[in-house]
Amino acid sequence: MQVAKTIAEMRELRRHLSGSVGLVPTMGYLHKGHLALVKQASAENSTVVVSIFVNPTQFGPSEDFRTYPRDLNRDLKLLEKEKTDIVFMPSDEEMYPPGFSSWVDVEKVTERLEGESRPGHFRGVATVCTKLFNIVQPNKAYFGQKDAQQAAVMKRMVADLNMNLKIVTVPTVRESDGLAMSSRNTYLNAEERQAATVLFRALSLARQLWQDGEKDADKIRQQMTLLIKKESLAQIDYVSITDADTLEELKTISCPALASLAVKIGKVRLIDNVILE
């Protein structure tokens, strides 16, 4: 496994690669969800590049950039075990040198849900991913379904800007009780960890209602909201049922839909979703 810490080093390694290259962009503190992306990338490409970069531009002023969990040594051991070919782990200064002033803004699909709750978040995501795509030049890039809006933004951006790569979405990896794996789960204490299962329970309720024939999106949202409100530690940011591609809120479910939510458990903000199709 080779490690590149500068853009020049990464480009030099890329110059010698042949065959398909898969990129897994991460912010580190890897868990089984990340490793599922790496495994799929390994199965579909000649070479796998994993980037580890806690991107400061996608965090708001009151968010957890400084405290975001980090453990590079552990991450590298996990990636070595997965037989990852290249790890790209640049510094903040390498990615955003003095005078940096160019940004990528994807409109419409970023204007609701996470985009509404976290202004500027997707500008940071789109910009850093554009940079990673330019540096690594992958044939495919892998994102988790848990961050469904992020994956939708990437697909829109790649199509709109004629980028020569495919975005691959990998199913969410969950704990045995349904909680979606996330680096932020480490912030939860024991009581909060138990309370956090309400996210998946609400999404499972949505799926069950839909499978039982309910097509009224408002009624499903209401039932999800009532369930979450029974959990005293939970504070709802949003409960949503949208078109799976455009992320526009639905009145009636007549197409593949995305049931998604953002809920604070104590001070920890968690997101999750399921596809209704």
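In strand S5, the residue that Leu23 has as its bridge partner is Ala141, and this link belongs to the parallel pairing of strand S2 (residues 21-26) with S5, which extends over two bridges. The model described here is a predicted one. Its strands are treated below as an open sheet of six strands and an open sheet of three strands, followed by the second largest pocket, which has a volume of about 540 Å³. As background, the strands of a sheet pair through backbone hydrogen bonds, and they may do so in either a parallel or an antiparallel manner.

**The six-stranded sheet**

- Read across the open sheet, the six strands come in the order S1-S4-S3-S2-S5-S6, and their pairing is parallel.
- The edges of this sheet are formed by strand S1 (2-4) and by S6, each of which pairs on one side only.
- On average, and with direction ignored, neighbouring strands of this sheet are turned by 25 degrees against each other.
- Strand S5 (residues 140-144) runs parallel to strand S6 (residues 166-170), and five bridges join the two.
- On the way from S5 to S6 the chain passes through H7, and the β-α-β crossover made in this way is right-handed.
- Within this pair of strands, Tyr142 stands opposite Val168, which belongs to S6.

**Helices lying across the six-stranded sheet**

- Helix H6 (residues 121-136) lies across S2, strand S3 (47-52), strand S4 (86-88), S5 and S6, and the helix runs at about 150 degrees to S2.
- Helix H7, which also provides the connection in the crossover from S5 to S6, lies across S5 and S6 and runs at about 165 degrees to S6.

**The three-stranded sheet**

- The other open sheet described here has three strands in the order S7-S8-S9, and in this sheet the pairing is antiparallel.
- Its edge strands are strand S7 (234-243) and strand S9 (268-276), since each is listed as pairing on one side only.
- From one strand to the next, the twist averages 15 degrees.
- Strand S8 (residues 257-265) and S9 run antiparallel and are joined by nine bridges, and in S9 the bridge partner of Val263 is Leu270.
- Helix H10 (residues 217-229) lies across S7 and S8, where the helix runs at about 160 degrees to S7.

**The second largest pocket**

- The second largest pocket, with its volume of about 540 Å³, is lined by 25 residues, of which Val109, Ala152, Ala244, Asp245 and Thr246 are the closest to its centre.
- Sorted by character, the residues of this lining are twelve nonpolar, three polar and ten charged.
- Helix H7 (residues 148-160) gives the most to the lining, with seven residues, and H7 is also the helix that lies across S5 and S6.

Key: Residues numbered from 1 in each chain as written. Predicted model: local features only at pLDDT ≥ 70, side-chain atom pairs only at ≥ 80, totals over all residues. Heavy atoms only, no water. 1 Å grid on protein atoms, 1.4 Å probe; cavity = no way out; pocket = protein on both sides within 12 Å on 5 of 7 lines; lining within 4 Å. Points joined across faces, edges and corners; volume = space filled by probe spheres on them. Helix = DSSP H or I, 4+ residues; strand = E, 2+ residues; numbered from the N terminus. Nonpolar A, V, L, I, M, F, W, Y, C, P; charged D, E, K, R; others polar. Pairing = 2+ DSSP bridges. Right-handed = clockwise from strand over helix to strand, strands pointing away. Axes fitted to C-alpha atoms, helices over the stretch in contact; angles between N-to-C directions. Contact = heavy atoms within 4.5 Å.
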